[in-house]
Amino acid sequence: MTGPDSEWYLSDLANGIERSRILSIATQVREMKAEGKQITAFTVGDFSPAEFVVPHAFTEQLATVIHQNQTNYPPAAGLPELRESLANWMKYKYDLDVGADGIIVGSGARPVLFASFKLFLEPGEGLAHGVPAWNNHYYVHLNSAKDIAIEGTVESRFLPTAKGVKERISEIRVLILNSPLNPTGTCFTAEELGAICDVVLEENRTRMKNGDKPVMLVYDQVYSTMTSEGIEHIHPVQVRPDMFDFTITLDAISKSLTATGLRLGWMALPPKLAAPVIALIGHMGSWPARPIQLAAAETYSNPEKLESYFEDLDSRISDRMELLFKNLTKMKEAGLPVDFIPPQGGIYLSTRFNLFSVLGVKTNEEIRQWLLEVAGIAVIPFQAFGLEEESGWFRISIGAVSVAEVSAAMKRLENALLNIN
Ligand SMILES: Cc1ncc(COP(=O)(O)O)c(C=O)c1O
């Protein structure tokens, strides 16, 4: 390239945009696989269509409406029948009654996530998020927000706690929570979530008296339908109905229908706040394709059928998780330096490879490379989710692997760990 560096042309915002660390690792894994190396990719939060197929009724409906030439612009907020069926689903499943006017769809969870920050945050205002968590540090940058990282610990199953939120509450304008949590596969209990809501509600009572803007909770529940046996997903309004006015809920078919490439997500919010979101989605042009909306409207109009699909999906996720769980437990009991936090939801397992002293290394990155090259397993260090500590914690994702692949990967891992000299 001739002339000045790209930096000269670009805004500070553009110059500061960081590439997704997860995607950089995924690219490395793809290149190694293309060279013929045997690697199990526990990396991306995607679903392999070979392992997790989108419900047949959805794709059939999609084909039908495409053949009906349903190809013109949909309304910016989403098709009325889709907004209606999603509103009914949110009420049926989570006791969240925003009505059709409180549902706005986007092409995946990301556009509505982006819109929810734009709705409330001025540059320099506090965006609080748990650590580790998916992508929030990138959103802090994109919104020129003040970064308020609330670190989880092993004791809190890496979830942010009410105590952590309370310590920073006066600086927070938007608090984003995610449950089941990417990258840890852990979920809030009703008590834990209720205690955080109490901190928000108390602060907002004071702010209302003082004429200050409230703390808004963005509740990202894209994995809400994926929970382990005995675990129930909890929504803030179920534990504290007063949170209704302060909660923006995000969901998507990307995870629930294992349809990451079809791009449909939605926001559920108090209807009085909806108008600027509809305008924003319209200006960004980030609504989902009309045929996808029609197929989703049909799918979400039948909650009983959906529930049985989710049950079956949970059992397929659990087949893989159980295998991981069983093998890692066996290794741990044999004294090998592995640990994990029992999976509660989503498609992730928090796994610790405490190999610092046995390998004589200092960083998670060195452990990651060793796991990749010697054991043939690709995992993502918690640094990619904002936890900078070199603690040996990694995310394992099971969305793109078969049961047989998990089994083979666990054998390779055990052999590799047994053979460290
Ligand atoms: C917690 C969380 N929220 C939002 C998203 C984005 O979902 P979408 O692909 O629908 O934009 C993801 C994707 O991995 C996620 O893990």
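A polar contact is a pair of N or O atoms within 3.5 Å. The model used in these exercises is predicted.

**Exercise 1. The ligand and its contacts**

Task: Find which residues come nearest to the ligand, and state which of their atoms lie close to ligand oxygen or nitrogen.

Solution:
- Step 1. The ligand has 13 residues around it, and Ala109, Asn182, Asp220, Tyr223 and Ser254 come nearest.
- Step 2. For alanine 109 the atom in question is a backbone N or O, 2.7 Å from an oxygen atom of the ligand. With the limit at 3.5 Å, this pair counts as a polar contact.
- Step 3. Asparagine 182 uses its side chain: an N or O atom there is 2.7 Å from an oxygen atom of the ligand.
- Step 4. Aspartate 220 also has a side-chain N or O atom to consider, and this one is 2.6 Å from a nitrogen atom of the ligand.
- Step 5. The ligand taken alone exposes 400 Å², of which the protein buries 96%.

**Exercise 2. The surroundings of the ligand**

Task: Describe where the ligand sits and what its shell is made of.

Solution:
- Step 1. The site is the largest pocket.
- Step 2. Sorted by class, the shell has 5 nonpolar, 4 polar and 4 charged residues.
- Step 3. At least two shell residues come from helix H6 (109-120), and at least two from helix H11 (253-256).

**Exercise 3. An aromatic pair**

Task: Classify the ring pair of phenylalanine 117 and tyrosine 139, and say which helices hold the two residues.

Solution:
- Step 1. The whole structure contains 17 aromatic pairs.
- Step 2. In the pair of phenylalanine 117 and tyrosine 139, the ring centres are 5.5 Å apart and the planes stand at 45°, so the pair is tilted. The cut-offs behind this are under 30 degrees for stacked and over 60 for edge-to-face.
- Step 3. Phenylalanine 117 belongs to helix H6 and tyrosine 139 to helix H7 (residues 136-142), so the pair ties together parts that are 22 residues apart in sequence.

**Exercise 4. Backbone exceptions**

Task: Locate two cis peptide bonds and a residue with positive phi that is not a glycine.

Solution:
- Step 1. Most residues other than glycine have a negative phi, and most peptide bonds are trans.
- Step 2. From valine 131 to proline 132 the bond is cis, with omega near 5°. Proline 132 is in the loop between strand E3 (126-131) and H7.
- Step 3. The bond from serine 179 to proline 180 is cis as well, with omega near -15°. Proline 180 is in the loop between strand E5 (172-178) and helix H9 (190-210).
- Step 4. Arginine 157 has a positive phi of about 55°. Its place is the loop between strand E4 (146-151) and helix H8 (162-168).

Conventions:
Residues are numbered from 1 along each chain as its sequence is written. This is a predicted model: local features need pLDDT of at least 70, side-chain atom pairs count only at pLDDT 80 or more; totals for chains, interfaces and linings use all residues. Side-chain values use heavy atoms; hydrogens and water are left out. A residue is near a molecule or strand if one of its heavy atoms lies within 4 Å of it. A polar contact is a pair of N or O atoms within 3.5 Å; within protein, one must be able to donate a hydrogen and the other to accept it, and residues adjacent in sequence count only if both atoms are side-chain atoms. Accessible areas come from the Shrake-Rupley method with a 1.4 Å probe; for residues, only the protein chains shown count as cover. On a 1 Å grid over the protein atoms alone, a cavity is a set of points where a 1.4 Å probe fits but cannot get out, and a pocket is an open set with protein on both sides within 12 Å along at least five of seven lines; lining residues have an atom within 4 Å of a point. A molecule sits in a cavity or pocket if more than half of its atoms lie within 2 Å of its grid points. Helices (H or I, at least four residues) and strands (E, at least two) are DSSP runs, numbered from the N terminus. Ala, Val, Leu, Ile, Met, Phe, Trp, Tyr, Cys and Pro count as nonpolar, Asp, Glu, Lys and Arg as charged, and the others, Gly among them, as polar. Rings of Phe, Tyr and Trp (its six-membered ring) pair if their centres lie within 6.5 Å; planes under 30 degrees apart count as stacked, over 60 as edge-to-face and the rest as tilted.
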